[in-house]
Amino acid sequence: MMTKVPTRFALATFAATLALSTAAFADDGGLYEKPLDPNSAFVRVIAPGATTASVQNSAFNQLEEGVSPYVAVAPGDIPVSSSFGEGSIKASAGKFYSVVVTKAGATTVVDDMTKNPSKATLSLYNLTEKAAIDLFVPQAGAEAVSDVDSGGSKSVALRAPLAVDLVVREGDKDLAKLDKVEFKRLAGVTIVVTGEGDQVDAVAVPSTIAR
């Protein structure tokens with residue numbers, strides 16, 4: 001199984017600008033609602049179009065847009081599957097992993113999840129054949145994430161809470177739009193971009209941990 005480790009990306013100035021222009025939300029729940037075992041690893045499946053997935057002994061039969069919650073597991077070799085196929089991952093304590101399972105096989109990404117209490121994690125996955133895509137924020141006139149290559153992923157920590165529109169771009173060309181994506185403190189949003197040619201689709205799914 002191929003392992004692909006994403007490039008890390010930080011955009012503190014942009015995040016601060018968004019935070020100053022966005023009203024606070026009353027409810028601010030997130031990934032870290034309960035203390036996490038530092039000896040656990042966290043593994044999820046991303047399988048666009050799939051309705052079922054499993055991580056070790058945890059099964060999910062109604063996936064939201066093909067993205068499962070993270071599952072806390074003991075470090076080691078962790079089996080995963082979706083309705084498209086199966087694979088495994090060697091997981092280390094304290095790390096977050098996404099296993100992208102498609103008909104072409106399984107690819108592992110190490111996710112950079114923030115633990116800053118005032119921020120949220122935005123993770124963008126380019127599951128198209130586009131050589132590079134960006135995620136643009138019209139309200140700020142700036143890119144949140146840039147140059148995510150085909151099959152790759154990047155994450156950025158954004159100051160939260162906030163709600164913004166997001167546009168997936170290839171250069172100056174708009175490919176897909178997501179309206180009012182909400183970010184909560186110590187939480188995350190996963191954006192998965194799929195499609196072929198100019199028929200591109202993007203979904204935004206909250207990043208959660210199975211409890």
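Let's start with the core. The largest nonpolar core in this predicted model has 26 residues. Four of them have the most contacts inside it: Leu-122, Leu-166, Phe-183 and Ile-191. Which elements feed it with two or more residues? The list runs β10 (119-126), β11 (132-137), β12 (142-149), β13 (153-159), β14 (162-170), β15, β16 and β17 (199-207). β15 gives the most, with 5 residues.

There is a second core, separate from that one. This second core has 20 residues, and Val-43, Leu-63, Ile-89 and Val-110 are among them.

Back to Leu-166. What does Leu-166 touch, leaving out residues up to four places away in sequence? The partners are Leu-135, Phe-136, Val-137, Ala-176, Lys-177, Leu-178, Val-181, Phe-183 and Ile-191. Two names there should sound familiar. Phe-183 and Ile-191 were on the list of residues with the most contacts inside the largest core.

Now step back to the whole chain. The protein has 211 residues, and 48% of them are buried. Its secondary structure comes to 1 helix and 17 strands. Take the contacts with a separation of 6 or more. Residues 24 or more positions apart account for 62% of those.

Next, one residue in a loop: Arg-185. Please find it between β15 (173-183) and β16 (188-196). Is Arg-185 buried, partly exposed or exposed? Its relative accessibility is 34%. Buried would need under 20%, and exposed would need over 50%. So Arg-185 counts as partly exposed.

What lies around Arg-185? A polar atom of its side chain is 3.3 Å from the backbone oxygen of Ala-160. Then there is Asn-116, which sits 69 residues away from Arg-185 along the chain. The C-alpha atoms of Arg-185 and Asn-116 are separated by 8.3 Å.

Last topic: the pocket. The largest one has a volume of about 460 Å³. It is lined by 18 residues. Which of them are closest to the centre of the pocket? Those are Val-100, Thr-102, Ala-104, Leu-127 and Thr-128. By type, the lining divides into 7 nonpolar, 8 polar and 3 charged residues.

Where does the lining come from? β8 (96-102), β9 (105-111) and β16 each supply at least two residues. Note β16 in that list. β16 also gives two or more residues to the largest core, and the loop with Arg-185 lies between β15 and β16.

That's the tour. Questions, please.

Definitions and conventions
Residues numbered from 1 in each chain as written. Predicted model: local features only at pLDDT ≥ 70, side-chain atom pairs only at ≥ 80, totals over all residues. Heavy atoms only, no water. Helix = DSSP H or I, 4+ residues; strand = E, 2+ residues; numbered from the N terminus. Buried < 20%, exposed > 50% of the residue type's maximum accessible area, 1.4 Å probe, protein only. Polar contact = N/O pair within 3.5 Å; in protein donor to acceptor, adjacent residues only side chain to side chain. Core = buried A, V, L, I, M, F, W, Y, C linked by side-chain atoms within 4.5 Å. Contact = heavy atoms within 4.5 Å. 1 Å grid on protein atoms, 1.4 Å probe; cavity = no way out; pocket = protein on both sides within 12 Å on 5 of 7 lines; lining within 4 Å. Points joined across faces, edges and corners; volume = space filled by probe spheres on them. Nonpolar A, V, L, I, M, F, W, Y, C, P; charged D, E, K, R; others polar.
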